[in-house]
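Please work through the exercises below with the sequence and the coordinates open beside you. Each task is followed by a solution that proceeds step by step.

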Amino acid sequence: MDKSINDINVNILLDCNAFDYILEKISLIKDLNLKFYYIWSQEIELEKFSDLNKLLKIKEIKKNYTLETAGVFMINAPCINKECFFPNSEVVNTIKRILIKHKCLKNHRDNNFKYDLNLAIAAYINKFIVLTNDGSGKKDGLLKALKEMRIKCYSTGEFENIYLKTEGKNEIK
C-alpha cells in the first residue's frame with residue numbers, strides 16, 4: 001500500500017538558519033504532518049537577528065509551529081527550566097572531532113561551535129532529522145558533518161524536493 005509522505009509523522013530539528021526558510025514557506029509547510037523542534041541554543045542564535053520585523057515573524061513561527069523540547073539534549077547549557085542530558089564523553093568527543101573536521105569551529109567562534117555541537121548531539125540522541133543550510137553547496141559545514149555522522153539531515157533544497165513537491169511525486173512505496 002502506498003503512503004503519502006504527508007501521512008507520516010516526521011520530527012525535524014531546526015538549525016537557526018532554517019527559521020528564515022520556514023518563514024518563507026510556511027503556507028506550503030503548515031498543512032504537512034511535520035513536527036518542528038528547536039533547542040535552547042538555537043533560540044540564542046535567533047535572538048541575534050537585528051531586523052525587528054523579521055525577529056517578530058520568526059518568534060511567531062517559533063510559537064505557532066515549533067516545540068522547544070527536542071528530547072534530552074545539551075551540554076554546556078544551563079539546566080534551569082530546561083531538559084538537559086549529559087552524554088558520555090566518547091559520543092561528545094566523536095561529534096566534536098567531526099564538527100572540527102568540517103570547519104564548524106572557525107575564527108575562534110566558540111559559541112557557534114557549542115550551538116552546532118548541541119544540535120548534533122540532540123539529533124544524534126533523539127534520532128531527529130536536522131534542517132540546516134550550513135554547508136549546503138560547500139565542501140564543509142554542519143550539513144556535511146551531520147551526513148558524515150549519519151544523522152539524517154536536509155538542506156533547504158533537499159527538504160523542498162522531498163516535502164514540497166506536488167502530490168504523487170513524493171510517495172513512499
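The exercises go from the overall fold to the sheet, then to helix packing and finally to single residues.

**Exercise 1. Overall make-up**

Task: State how many helices and strands the protein has, and give the pattern they follow along the sequence.

Solution: Begin by noting that the model is a predicted one. Counting the elements gives 7 helices and 7 strands, and reading them along the sequence gives the pattern β-β-α-β-α-α-β-α-α-β-α-β-α-β. For burial, the protein has 173 residues, of which 45% are buried. For the contacts, take those with a separation of 6 or more: residues 24 or more positions apart account for 68% of them.

**Exercise 2. The sheet**

Task: Work out the order of the strands in the open sheet and identify the edge strands.

Solution: The open sheet is formed by 5 strands, which in order are S4-S3-S2-S5-S6, with parallel pairing. The edge strands, each of which pairs on one side only, are S4 (66-67) and S6. Turning to one pair inside this order, S2 and S3 run parallel and are joined by 4 bridges. Two positions help to locate the register: Val 10 has Leu 34 in S3 as its bridge partner, while Leu 13 stands opposite Tyr 37 in S3. As for the surroundings of S2, 4 of its 5 residues are buried, and the strand is thus described as mostly covered.

**Exercise 3. Two partners of helix H1**

Task: Decide whether H1 is roughly parallel or roughly perpendicular to H3, decide the same for H1 and H7, and list the residues that meet in each contact.

Solution: Two packed helices are described by the angle between their axes and the distance between the axes. For the pair of H1 (residues 18-29) and H3 (residues 52-65), the axes come within 10 Å and cross at roughly 80°. Angles of 65 to 115 degrees count as roughly perpendicular, and H1 and H3 are therefore roughly perpendicular to each other. On the H1 side, the contact involves Phe 19, Asp 20, Ile 22, Leu 23 and Ile 26, and on the H3 side Lys 54, Lys 57, Ile 58, Ile 61, Lys 62 and Tyr 65. Sorted by class, the residues of this contact are 7 nonpolar and 4 charged, with no polar ones.

For the pair of H1 and H7, the axes come within 12 Å and cross at roughly 0°. Since angles under 35 degrees count as roughly parallel, H1 and H7 are roughly parallel to each other. Here Tyr 21, Lys 25 and Ile 29 of H1 meet Thr 156, Phe 159 and Glu 160 of H7, and the classes in this contact are 3 nonpolar, 1 polar and 2 charged residues.

**Exercise 4. The buried face of helix H7**

Task: Find the buried residues of H7 and say which elements they pack against.

Solution: In H7 (residues 156-163), the buried residues are Thr 156, Phe 159 and Tyr 163. Viewed down the axis of H7, these residues fall within an arc of 55°, so they line one face of the helix. The elements against which the buried residues of H7 pack are H1 together with the strands S2 (10-14), S3 (34-37), S5 (129-131) and S6 (153-154).

**Exercise 5. Single residues**

Task: Classify Asp 116, Lys 59, Lys 103 and Lys 127 as buried, partly exposed or exposed.

Solution: The cut-offs needed are that buried means under 20% relative accessible area and exposed over 50%, with partly exposed in between.

- Asp 116 lies in helix H5 (residues 110-126), and its relative accessibility of 9% makes it buried. Apart from neighbours within four places in sequence, its contacts are Leu 99, Cys 104, Asp 134 and Leu 142.
- Lys 59, in helix H3, has 32% relative accessibility and therefore counts as partly exposed. Its C-alpha atom is separated by 8.6 Å from that of Leu 46, which is 13 residues away along the chain.
- Lys 103 belongs to the loop between H4 (89-101) and H5, and at 48% relative accessibility it counts as partly exposed. Its phi is near 60°, a positive value in a residue other than glycine.
- Lys 127 is placed in the loop between H5 and S5, and at 67% relative accessibility it counts as exposed. Although Lys 127 is not a glycine, it has a positive phi of about 60°.

Note on methods. Residues numbered from 1 in each chain as written. Predicted model: local features only at pLDDT ≥ 70, side-chain atom pairs only at ≥ 80, totals over all residues. Heavy atoms only, no water. Buried < 20%, exposed > 50% of the residue type's maximum accessible area, 1.4 Å probe, protein only. Contact = heavy atoms within 4.5 Å. Axes fitted to C-alpha atoms, helices over the stretch in contact; angles between N-to-C directions. Parallel < 35°, antiparallel > 145°, perpendicular 65-115°, else oblique. Nonpolar A, V, L, I, M, F, W, Y, C, P; charged D, E, K, R; others polar. Arc of directions from axis to C-beta. Pairing = 2+ DSSP bridges.
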